Amino acid sequence: MSQLLEVSGVSVTFDGFRAINNLSFSIGPAELRAIIGPNGAGKTTFMDIVTGKTRPDEGRVLWGERSQSLLSMSEAQIARAGVGRKFQRPTVFEDQTVADNLMMALKAARGPLAVLFWSPKPADHSRVAELAAEVGLGDALARKSGELSHGQKQWLEIGMLLAQEPQLLLVDEPAAGMTLAEREHTTRLLVELAKTRAVVVVEHDMEFVRRLNCKVTVLHEGSVLAEGSLDHVTRNPQVIDVYLGR
Ligand code: ADP
């Protein structure tokens with residue numbers, strides 16, 4: 001299977017400190033992957049590289065069927081090429097309804113000029129309803145986003161990202177601060193989304209990673225330490241040492 005994203009031999013140095021060290025990572029077009037690793041392992045820097053926020057000193061980051069280099073693209077171009085990133089804290093417009101938030105995201109996905117010249121058509125209202133249903137907010141379209149639970153806000157933000165029709169979703173600790181029921185919903189949502197696009201979840205919570213039931217990449221000191229099922233990687237003595245701080 002050809003890969004959607006292929007990172008190879010990537011290194012990043014901050015003031016002489018190698019945060020990412022000869023990292024190689026790839027993911028297929030419809031794959032769910034969890035990235036775990038202790039604090040400082042390089043998980044955030046990895047996402048910053050893929051989204052163009054941080055530029056590596058060396059290595060390649062190739063994207064899509066045509067193996068385009070993401071390194072020559074701006075952050076906005078990378079987003080338009082199909083990379084969506086969900087930060088840990090939800091950033092929805094609290095005084096707007098769920099539908100308004102989704103409509104704004106649809107508008108933004110049409111490019112900067114759409115903000116000036118675009119007015120929603122019936123198809124756009126249908127798309128908003130579809131996006132809400134996809135993330136489990138089909139009944140909440142008219143609700144003010146500020147009244148939603150923390151979990152619902154996170155799902156709304158995922159819906160807003162889906163408006164850009166990303167082929168790769170990078171999601172940072174999606175289950176943090178959620179109730180058990182919300183975590184279950186989030187698990188199902190991510191599994192479902194990964195049927196038609198790649199989803200990379202950076203997560204500390206091993207119980208949540210177990211529920212995702214997907215391939216896991218363990219980062220340590222900016223490199224891949226182990227890869228495979230959660231059971232496989234957590235039996236690896238090096239992984240155990242890293243987590244126990246030995
Ligand atoms: P993680 O997300 O796995 O906790 P990070 O990617 O945030 O790890 O950080 C990896 C390492 O790089 C850490 O040691 C961190 O202190 C360092 N680092 C990250 N960003 C910067 C920066 N802008 N300047 C200097 N050091 C940084």
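Which element gives the most to the shell around the ligand? Helix H1 does, with 3 residues. Keep in mind that this is a predicted model. Two sheets are described below: an open one of 4 strands and an open one of 6 strands. Helix H1 packs on the 4-stranded sheet and also on the 6-stranded sheet, so have an eye on H1 as you turn the structure.

**Around the ligand**

- The residues surrounding the ligand are Phe14, Asp15, Phe17, Ala19, Gly37, Asn39, Gly40, Ala41, Gly42, Lys43, Thr44 and Thr45.
- Strand S2 and helix H1 are the elements that give two or more residues to this shell.
- Sorted by class, the shell has 4 nonpolar, 6 polar and 2 charged residues.

**The sheet of 4 strands**

- Reading across this open sheet, the strands come in the order S2-S1-S4-S5, and their pairing is antiparallel.
- Strand S2 (17-27) and strand S5 (68-69) are the edge strands, each pairing on one side only.
- Helix H1, which covers residues 43-50, packs on this sheet and touches S1, S2 and strand S4 (58-63). The direction of H1 makes about 65° with that of S2.
- Strand S1 (residues 5-14) runs antiparallel to S2, and 7 bridges join the two.
- Two places to look along S1 and S2 are Val12, whose bridge partner in S2 is Ile20, and Val10, which stands opposite Leu23 in S2.
- The hairpin of S1 and S2 has 2 residues between the strands, and Asp15 there takes a positive phi near 45°. Asp15 is also one of the residues that surround the ligand.
- On to the next pair: S1 and S4 are joined in the antiparallel sense over 5 bridges. Here you can find Leu5 opposite Trp63 in S4.
- Strands S4 and S5 run antiparallel as well, with 2 bridges between them. Leu62 has Ser69 in S5 as its bridge partner.
- In the hairpin of S4 and S5 there are 4 residues between the strands, and Gly64 takes a positive phi near 75°.

**The sheet of 6 strands**

- This open sheet has the strand order S6-S7-S8-S3-S9-S10, and its pairing is mixed.
- Why do strand S6 (83-86) and strand S10 (223-228) each have one side without a neighbour in the sheet? They stand at the edges with a single partner strand each, so one side of each is left without a neighbour.
- From one strand to the next, the twist averages 20°.
- Strand S7 (residues 168-172) and strand S8 (residues 198-202) run parallel and are joined by 5 bridges. Asp172 stands opposite Val202 in S8.
- Helix H1 packs on this sheet too, touching strand S3 (32-36), S6, S7, S8 and strand S9 (215-220). The direction of H1 makes about 150° with that of S7.
- Helix H7 (residues 180-193) is another helix that packs on this sheet, where it touches S3, S7 and S8. Its direction makes about 145° with that of S8.

**Helix H3 with helix H5**

- Helix H3 (residues 98-109) packs with helix H5 (residues 122-134) at an angle of about 115°, and their axes are 9 Å apart.
- Angles from 65 to 115 degrees count as roughly perpendicular, and H3 and H5 are therefore roughly perpendicular to each other.
- The way H3 passes H5 is a right-handed crossing.
- From H3, the residues Val98, Ala99, Leu102, Met103 and Leu106 meet Asp124, Arg127, Val128, Leu131 and Ala132 of H5.
- This contact holds 8 nonpolar, no polar and 2 charged residues.

**Helix H3 with helix H6**

- Helix H3 also crosses helix H6 (residues 150-162), at roughly 30°, with the axes coming within 8 Å.
- Angles under 35 degrees count as roughly parallel, and H3 and H6 are therefore roughly parallel to each other.
- The crossing of H3 and H6 is right-handed.
- Val98, Asn101, Leu102 and Ala105 of H3 make the contact with Leu156, Gly159 and Met160 of H6.
- By class, the contact of H3 with H6 has 5 nonpolar, 2 polar and no charged residues.
- Val98 and Leu102 are worth finding on H3: they are among the residues that meet H5, and they also take part in the contact with H6.

Key
Residues numbered from 1 in each chain as written. Predicted model: local features only at pLDDT ≥ 70, side-chain atom pairs only at ≥ 80, totals over all residues. Pairing = 2+ DSSP bridges. Contact = placed C-beta atoms within 7 Å. Axes fitted to C-alpha atoms, helices over the stretch in contact; angles between N-to-C directions. Near = placed C-beta within 6 Å. Nonpolar A, V, L, I, M, F, W, Y, C, P; charged D, E, K, R; others polar. Parallel < 35°, antiparallel > 145°, perpendicular 65-115°, else oblique. Left-handed = near helix turned anticlockwise from the far one by under 90°.
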